[in-house]
Amino acid sequence: MTARLPRRVKLGGQSWTLQRVHLDDELGIFGRFKDRQSLIELDADQGIDQERNTVTHELLHAVASTARVFDEPDDEERVVSALAPWLLAMLRDNPALVSYLTARDS
Ligand SMILES: [Zn+2]
């Protein structure tokens, strides 16, 4: 069973919309985030595994932007690109960890 792409993701007090679109092939990008619109666009032609990495990547951009982590866009791209596959693998490979981290009991 393939999980559905969520339409919205909450980050702090902000809700981001995830949307599949056909991005310009010449740009060679899998996704992009539009800060002012709280919108993450995902290229509709990518495979599901790539799309999951792209969602993770773009959400890390959203966090970095909202939290104003980086002064230099190149630094943000480098760090986000390095962390996204590791974060996704950590979540995918450790469902017990995800349950523990996301539990609301005390
Ligand atoms: Zn990026």
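Okay, let me start with a definition: I'll say two residues are in contact if their C-beta atoms, placed from the backbone, lie within 7 Å. One more for the labels: helices (H or I, at least four residues) and strands (E, at least two) are DSSP runs, numbered from the N terminus.

Now, this is a predicted model, where local features need pLDDT of at least 70, side-chain atom pairs count only at pLDDT 80 or more, and totals for chains, interfaces and linings use all residues. Residue numbers start from 1 along each chain as its sequence is written.

So, the sheet. It's an open one with four strands, in the order β1-β2-β4-β3, and the pairing is mixed; two strands pair if DSSP finds at least two bridges between them. At the edges sit β1 (8-11) and β3 (31-34), each paired on one side only.

Let's look at β3. It runs antiparallel to β4 (residues 39-43), with four bridges joining them. Glycine 31 has leucine 42 as its bridge partner in β4, and arginine 32 stands opposite glutamate 41. The hairpin of these two strands has four residues between them, and serine 38 takes a positive phi there, near 50°. As for faces, Gly31 and Phe33 are on the covered one, while Arg32 and Lys34 are on the uncovered one.

What packs on this sheet? Helix α1 (residues 48-67), which touches β1, β2 (14-21), β3 and β4. Its direction makes about 30° with that of β3; axes here are lines fitted to C-alpha atoms, for helices over the stretch in contact, and angles run from 0 to 180 degrees between N-to-C directions.

Which residues of α1 are buried? Asn53, Thr54, Val55, Thr56, His57, Glu58, Leu59, Leu60, His61 and Ala62. Buried means 20 or more other C-beta atoms within 10 Å of the residue's own, with C-beta atoms placed from the backbone. What covers them includes all four strands, β1, β2, β3 and β4, plus α2. Right after α1 comes arginine 68, with a positive phi near 50°.

Last up, the core. By nonpolar core I mean a set of buried Ala, Val, Leu, Ile, Met, Phe, Trp, Tyr and Cys residues joined through C-beta atoms within 7 Å. The largest has 11 residues, including Trp16, Phe33, Ile40, Leu60 and Val80. At least two come from each of β2, β4, α1 and α2 (73-93), and α1 gives the largest share, four residues. Leucine 60 touches Val80, Leu83 and Ala84, leaving out residues up to four places away in sequence.

How values were computed: Buried ≥ 20, exposed ≤ 12 C-beta atoms within 10 Å, placed from the backbone.
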